[in-house]
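Work through the exercises below with the sequence and the structure open. Try each task before reading its solution.

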Amino acid sequence: MLENKGIFAPHAKQVDEAKQGEVFTCDTSNPTDKHFYIESYGCAMNFSDSEIVASILSNNGYSATTDIESSDLILINTCSIREKAEDKVRKRLRIFDKVKRAKPDTMIGVLGCMAERLKTKFLEEEKLVDFVVGPDAYRDIPSLITSAEEGERSVNVLLSREETYADIAPVRLNSNGVTGYISIMRGCDNMCSFCVVPFTRGRERSRDLFSIISEAQDLFDRGYREVTLLGQNVDSYKWSNPETNKAVTFANLLEQVALVNPLLRVRFSTSHPKDITNDVLHTIAKYKNICDYIHLPAQSGSTRILELMNRTYTREWYQERINAINRIIPGCAISSDIITGFCTETEAEHQETIDLMKWAKFSLTYKFYYSERPGTLAERKYEDDIPYEVKKRRLAEIVAVQLEISKEHNDRDIGKTFEVLIEGDSKKSKDDFKGKNSHGKLIVFPKSQNLSPGDYVQVLITDATSATLKGHIVNE
Ligand code: 5AD
Ligand code: SF4
């Protein structure tokens, strides 16, 4: 099996659009292999899926390369969540076209949500693309390649009610060797009115508990010290053990993963405010290695807008969940997703969102202006009536508000000592390590010779910006 290369992969829940397009690499290759080059866009789930695709390809005589020009197969794992994400993919395809014109044998495959959304239309629009494959059809990639080699451009966008790729051991791509994703479920049944995901990723289904535990154990045995359990809505994880007929909830799953080893940190994403249970909160509180960090997308602070968004909770419900987190897990960091400029949003409702952000004191938020997506409930039912300029201005306002909140949040950490899991060298200096505390905050500190990535260390915080904490090692 292919090994990891020590390149840092994005850790964020919804990978920031500006940072997307990570090129994946692995460091072992067989000289007889063909080579694939893969770029991924969108959420952590897409990055995780690319590791499944890499596994399928490595079993079919391919190894990864970062050199696009020498690759035999170029893959792009796409995101449809906002129009901007799709625009970026189209731009990349123009570059791939050039490579293919220079070397016509190169295959181009489009994966992921945009493939699912556009289906055969993609082949009509993109003349140099050889195959289009949706998120539930990755096992079919080898045969799609064969068809393309025989001159037949093809599409497989069948969605499945069962596929979880449970038996496929992902090939860790661009890994730092310390932190890894584990997909625990696929699809989404929620139907938030703005969201294209239920259409591109299909119905919700949960993966076999035992395959999740053995993936976590395998990562731990290979030196990994943190896993992030991934799903569109992890709180609705539900799997029934066929031997005992017992239902396994997300709280049960979290506990089982935490028990793999106390040195293995456990994170998860994404929670839904309507579904996150006190059982889950008590499980986090009970195990030191389950990180005190919850990503709980609010989307809006206005009950009326939440209703239009079909989020099925009110502002008050959301606040009660935040109160429960603070009560059961004191000091827990909470982050959120916010959409601004949703259909009919008034200035007063925008202000309600700002007030909620300040009230909740989010450590971090991922902020977007509303982008109408074809086929969604909102596209069919509501007019996208907030002018672009207003959306942009509201977005700038919530960005500025969050900067202040994050800075205050981080300033409160000065003088505290945290256990940090070392992930590697800091971006700015090879003399510094970077790592995260349980709250998911990035901490930079001067290196010590006898420590390496994967080690835990106590760091006293001496300085903070809105994005990073700085400190030094204590009690080594
Ligand atoms: N426009 C803007 N943001 C969106 N998101 C989902 N759909 C849209 C859309 N149409 C955001 C939500 C979600 C995150 C992953 O992306 O905030 O939580
Ligand atoms: Fe989209 Fe809502 Fe499902 Fe998240 S929970 S993927 S926002 S439909």
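**Exercise 1. Describe how strand 22 is paired.**

Step 1. Strand 20 (residues 442–446) runs parallel to strand 22 (residues 469–474), and two bridges join them. Strands here are DSSP E runs of at least two residues, helices are H or I runs of at least four, and both are numbered from the N terminus. Two strands count as paired if DSSP finds at least two bridges between them.

Step 2. Find the register. V444 stands opposite K470 in strand 22.

Step 3. Turn to strand 21 (residues 456–464). Strand 21 pairs with strand 22 in the antiparallel sense, over six bridges. L460 stands opposite H472 in strand 22. Strand 21 and strand 22 form a hairpin, with four residues between them.

A note on conventions: this is a predicted model, where local features need pLDDT of at least 70, side-chain atom pairs count only at pLDDT 80 or more, and totals for chains, interfaces and linings use all residues. Residues are numbered from 1 along each chain as its sequence is written, chains are lettered from A and ligands numbered from 1 in the order in which they are written, and side-chain values use heavy atoms, with hydrogens and water left out.

**Exercise 2. Give the strand order of the sheet that holds strand 11, and find its edges.**

Step 1. The order is 8-11-14, in an open sheet of three strands with parallel pairing.

Step 2. Strand 8 (179–183) and strand 14 (265–269) each have a single partner strand, so one side of each has no neighbour in the sheet.

Step 3. Neighbouring strands are turned by 25° against each other on average, direction ignored. Axes are lines fitted to C-alpha atoms, for helices over the stretch in contact, and angles run from 0 to 180 degrees between N-to-C directions.

Step 4. Strand 8 and strand 11 (residues 226–230) share five bridges in the parallel sense. Y181 has T228 in strand 11 as its bridge partner.

Step 5. Helix 1 (residues 44–58) lies across strand 8 and strand 11, at about 90° to strand 8. Contact means heavy atoms within 4.5 Å.

**Exercise 3. Which peptide bond is cis, and which residue that is not a glycine has a positive phi?**

Step 1. The bond joining S269 and T270 is cis, with omega about 10°. T270 sits in the loop between strand 14 and helix 9.

Step 2. M191 has a positive phi of about 60°. M191 belongs to the loop between strand 9 (185–186) and helix 6 (197–201).

Step 3. Set this against the norm. Most residues other than glycine have a negative phi, and most peptide bonds are trans.

**Exercise 4. Characterise the second largest pocket.**

Step 1. The volume is about 310 Å³. A pocket is an open set of points on a 1 Å grid over the protein atoms alone, where a 1.4 Å probe fits, with protein on both sides within 12 Å along at least five of seven lines; lining residues have an atom within 4 Å of a point. Grid points are joined across faces, edges and corners, and the volume is the space filled by probe spheres set on them.

Step 2. Of the 17 lining residues, K288, N289, I290, E419 and S438 are the closest to the centre.

Step 3. Helix 9 (278–286) and strand 18 (417–425) are the elements that give two or more residues to the lining.

Step 4. Domain 2 (176–291) and domain 4 (417–474) each supply at least three lining residues. These bounds come from an automatic or database domain assignment.
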